[in-house]
Amino acid sequence: MANKVIVVTGAAGSGKTTVRNYLAKHFKMTKVITHTTREPRFNEKDGADYYFENSDTFNQKHYLETVTYSGAKYGSSYEGLNLAWQKSSDAVIVLDTKGAITYKQKLGAQAVVIFLQVNNVEMLKHRMIKRGDSMRKIIQRINSLEYKRDQQLPAELSNSIVINNDNWDATKQKLNHIFGK
Ligand SMILES: Nc1nc2c(ncn2[C@@H]2O[C@H](COP(=O)(O)OP(=O)(O)O)[C@@H](O)[C@H]2O)c(=O)[nH]1
Ligand SMILES: Nc1ncnc2c1ncn2[C@@H]1O[C@H](COP(=O)(O)OP(=O)(O)O)[C@@H](O)[C@H]1O
């Protein structure tokens, strides 16, 4: 079977990580772990949520693409993608919209992009609070250009699957329909 990667993108708090975990659990997709220089959140584990790096170790990997998002560096390595493909032909990765565009350009039909949106952008903030992010981090994020940019579907991703994630049960139904359950 040809290798594929599902790219989940959208604004912070739109539900990307939740969707990724659901696809990994119910559709036997392997998560691609990406690299970041941001600090781990209280419940995050190195190697499971991200590879947490400092600026030296970050620079030692081989990247398909890297971005700066809200003051930290993020990058998806060839090592990470190939490791996922060794485990299953379907992989799933969470990226900002800039990374999703690069993935689509580099991987073409091998990359299937899902863009998540919510109707009310105030919801995004409430979800970050619920997730346990610190107020300082939330304010920094909300004021970042990347956060505002990722609320809109970019023109380069106009052929993506767009899912409104206001309601989790409705989102699950859509994912089950798309991925055949
Ligand atoms: N382009 C790119 N974006 C990434 C990568 N890893 C994570 N991201 C994105 O970086 C942004 C910030 O991620 P994070 O700090 O975990 O915040 P969260 O999205 O609110 O959980 C999100 O849009 C992630 O999808 C990567 O390797 N490349
Ligand atoms: N449809 C939904 N309705 C309500 N809460 C949701 C929904 N989808 C995700 N969440 C919650 O919102 C918070 C942010 O979701 P998360 O998946 O971490 O977003 P992202 O990875 O896009 O930043 C989490 O606490 C998650 O459980």
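## Shell around ligand 1

Four elements each give at least two residues to the shell around ligand 1: α1 (16-26), β5 (63-69), β6 (72-77) and α4 (97-107). The model is a predicted one. The shell around ligand 1 counts 18 residues. Those that come nearest are Ala12, Thr34, Tyr74, Asp96 and Gly99.

By class, this shell around ligand 1 splits into 7 polar, 6 nonpolar and 5 charged residues.

## Shell around ligand 2

Ligand 2 has 15 residues around it. Gly15, Lys16, Thr17, Thr18 and Arg127 come nearest. Helix α1 serves here too: α1, α5 (121-131) and α8 (168-178) each supply at least two residues of the shell around ligand 2.

Polar residues number 9 in the shell around ligand 2. Charged residues number 4, and nonpolar residues 2.

## The open four-stranded sheet

Strands β5 and β6, which contribute to the shell around ligand 1, also belong to an open sheet of 4 strands. The order is β4-β3-β6-β5, and the pairing is mixed. The edges are held by β4 (51-52) and β5. Each has a single partner strand, so one side of each has no neighbour in the sheet.

Strand β3 (residues 35-36) runs parallel to β4, with 2 bridges between them. Within this pair, Thr36 stands opposite Phe52 in β4.

## Helices on that sheet

Helix α3 (residues 78-87) packs on the sheet and touches β5 and β6. Its direction makes about 45 degrees with that of β6. Helix α4 also packs on the sheet, touching β5 and β6. The direction of α4 makes about 165 degrees with that of β5. Helix α4 thus has two roles in this description: α4 touches the sheet, and α4 supplies at least two residues of the shell around ligand 1.

## Strand β1 and its partners

How many residues of strand β1 (residues 4-10) are buried? The count is 6 of its 7, and the strand is mostly covered.

Strand β1 pairs with β7 (residues 90-94) in parallel, through 5 bridges. Strand β1 also runs parallel to β8 (residues 111-117), and 6 bridges join these two. Val8 can be placed against both partners. Val8 stands opposite Val94 in β7, and Val8 stands opposite Ile114 in β8. In a regular strand, side chains alternate between the two faces of the sheet.

Definitions and conventions
Residues numbered from 1 in each chain as written. Chains lettered and ligands numbered in written order. Predicted model: local features only at pLDDT ≥ 70, side-chain atom pairs only at ≥ 80, totals over all residues. Near = placed C-beta within 6 Å. Nonpolar A, V, L, I, M, F, W, Y, C, P; charged D, E, K, R; others polar. Pairing = 2+ DSSP bridges. Contact = placed C-beta atoms within 7 Å. Axes fitted to C-alpha atoms, helices over the stretch in contact; angles between N-to-C directions. Buried ≥ 20, exposed ≤ 12 C-beta atoms within 10 Å, placed from the backbone.
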